[in-house]
Amino acid sequence: DDCDGYIDNLTTGKTESMTRECYTGSLNTKGKGECKAGKESCSGGKWNGKCVGEILPNTDVCNGKDDDCDGSIDEDFPTLGKLCSVGLGECKRDGKLVCKDDASVKCNAVEGKPIAEICNDKYKDDNCDGLIDNTTGAVCYSAEVHIPAGSFIMGSPLGELGRRSNETQHIVTLTRSFAMWKYEVTQKQFLDLMRYNPSHFQPPQIATPCPNCPVEQVSWHEALAFCNELSIKAGLRGQECFDCTGSGKTVSCKLKPAYQEIDPQTKKVIKDNVYKCTGYRLPTEAEWEYAYRAGTITAFHNGEITSANGKDSNLEQIGWYNLNSSSKTYPVGKKDANGWELHDMAGNVWEWCWDWYSDTYPQSVSVDPVGPSSGSKRVDRSGSWYSTAQDCRAASRSYVSGPSYRYRDLGFRLVRSL
């Protein structure tokens, strides 16, 4: 009698309404789309009356709503290249437009091959896979910044507060531009792609999950495995930089032979030319400092250092370190970015680099450096929530004792050659 789908269903204290708001589509679409209607009444076990002002089903548009009120969101573009009327990023592959835009939406994706999905960019399908951010179950990734090729002075001047002897200034030229993630890789991003989260800063170690905090306690090998998986996910299959064996925390990765220069006599590796690889990878130490500085020459990208071991007013604006972190990580992107829109380059977590570590820099101009051809220690940069101010400077250098080591203040961010 009350049209609720049950016969003789009596619930003490329940007041049954004899009218309801009606709208197109199944009941679970209410509020998801532009599908509001009028009122209809119940009599004789049936709903009667016409929905006044009903918006008729429409073709879905790419806006995260169920516009045609059929219970599905943005289903008009389930496959690559299917046209949806608005909101898609313009993604060109081999010179052909594979998903289109409304004229009012500017190109968002990189011209060329589809890139990884970018989070929270107003419902754009950056990698043209038919999925937008997380609204339909897509794995979305950090926005990239394009860093131009160029030259800079790497290292620190003699008078810089907190300077160490391994920071000898020298000129570096990077001949290839590259894309770098604006943020450190987060726990959620790592979990979504790799299906596990190695981080210390998650329950039960902390009370509340922090999915947007940087992933940490991740080895150099795990970072490379993530790079490979992301390359595949981003439409760069066949351009992965590494050969990996094993899985999870026991994975082991090395650079593909195609990107190594081999001595024809000794058959030993002369140089790892990671710049040739166009898949995702870790930045070289030179790329990392070049990106941190973003054209600046000061200790921090926003000014000079005022205290090596105490509270520093400039660092307070750009990074989490030992005197403002309360001994934990924080969600990425909460501090000021540098001139190239990169966040957390100072502090939060140390970031793995590609290079083997050496105490000394080249004494002359260096072009596309990749560090020593072999070693036992890998470079990390940035400083962390545990670090003093001097460790968070642009020129500050550090290393991890081996590529399999992991620490609760050590994470990574990604680059790819353009």
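**Figure 1. Confidence across the predicted model, with a view of residues 74–115.** In this predicted model, residues 74–115 keep a pLDDT under 50 throughout, and the model gives them 111 contacts beyond four places in sequence. For the chain, the average pLDDT is 78, and 66% of the residues score at least 70. A further stretch, residues 51–62, has a pLDDT below 50, with 44 contacts in the model beyond near neighbours in sequence.

**Figure 2. The salt bridge between E144 and R416.** Across the whole structure, 15 salt bridges are found. In the one shown here, the side chains of E144 and R416 meet with an N to O distance of 2.9 Å. E144 belongs to strand β6 (residues 144–147) and R416 to strand β19 (residues 415–417), so the pair ties together parts of the chain that are 272 residues apart in sequence. Both E144 and R416 are buried. Side chains of opposite charge can pair when their charged atoms come close.

**Figure 3. The salt bridges R281–E287 and R413–E351.** The closest N and O atoms of R281 and E287 are 2.9 Å apart. R281 counts as buried because its relative accessibility is 1%, and E287 is likewise buried, with a relative accessible area of 1%. In the second pair, R413 and E351, the closest N and O atoms are 2.9 Å apart. R413 is placed in the loop between β18 (410–411) and β19, whereas E351 is in strand β14, so this salt bridge ties together parts that are 62 residues apart in sequence. R413 is buried, with a relative accessible area of 0%, and E351 counts as buried at 0% relative accessibility. Elsewhere, salt bridges that share partners join E285, E289, R293, R381 and R397 into one network.

**Figure 4. Helix α3 and its enclosure by the rest of the structure.** Helix α3 spans residues 285–293, and nine of its nine residues are buried, so the helix is largely enclosed by the rest of the structure. The buried residues are E285, A286, E287, W288, E289, Y290, A291, Y292 and R293. E287 is the salt-bridge partner of R281, while E285, E289 and R293 take part in the network with R381 and R397. Just after the helix, A294 adopts a positive phi of about 50°.

**Figure 5. Helix α1 and the elements that cover its buried residues.** Of the eight residues in helix α1 (residues 187–194), six are buried, so α1 is largely enclosed by the rest of the structure. These buried residues are Q187, Q189, F190, D192, L193 and M194. The elements covering them include β9 (178–181) and α2 (220–233). R195, just after α1, has a positive phi of about 70°.

**Figure 6. The largest nonpolar core, with a view of L414.** This core has 68 residues, of which F190, F226, F412 and L414 touch the most other members. Helix α2 gives the most to the core, with seven residues. Leaving out residues up to four places away in sequence, L414 touches A179, M180, W181, V185, F226, C227, L230, Y280 and R281. Among these neighbours, R281 is also the salt-bridge partner of E287. F190 is one of the buried residues of α1.

**Figure 7. S307 and its polar contact with G310.** S307 is located in the loop between α3 and α4. A polar atom of the S307 side chain lies 2.8 Å from the backbone nitrogen of G310. Not counting residues up to four places away in sequence, S307 touches L161, D312 and A389.

**Figure 8. The surroundings of E341.** E341 is found in the loop between α4 (313–318) and β14 (350–356). Because its relative accessibility is 48%, E341 counts as partly exposed. Apart from neighbours within four places in sequence, E341 is in contact with V145 and K182. The C-alpha atoms of E341 and Y292 are separated by 9.9 Å, with the two residues 49 residues apart along the chain. Y292 is among the buried residues of α3.

Terms used: Residues are numbered from 1 along each chain as its sequence is written. This is a predicted model: local features need pLDDT of at least 70, side-chain atom pairs count only at pLDDT 80 or more; totals for chains, interfaces and linings use all residues. Side-chain values use heavy atoms; hydrogens and water are left out. pLDDT is the predictor's confidence in each residue, from 0 to 100. Contact means heavy atoms within 4.5 Å. Helices (H or I, at least four residues) and strands (E, at least two) are DSSP runs, numbered from the N terminus. Buried means under 20% relative accessible area, exposed over 50%, partly exposed in between (1.4 Å probe, protein chains only). A salt bridge is a side-chain nitrogen of Lys or Arg within 4 Å of a carboxyl oxygen of Asp or Glu. A polar contact is a pair of N or O atoms within 3.5 Å; within protein, one must be able to donate a hydrogen and the other to accept it, and residues adjacent in sequence count only if both atoms are side-chain atoms. A nonpolar core is a set of buried Ala, Val, Leu, Ile, Met, Phe, Trp, Tyr and Cys residues joined through side-chain atoms within 4.5 Å.
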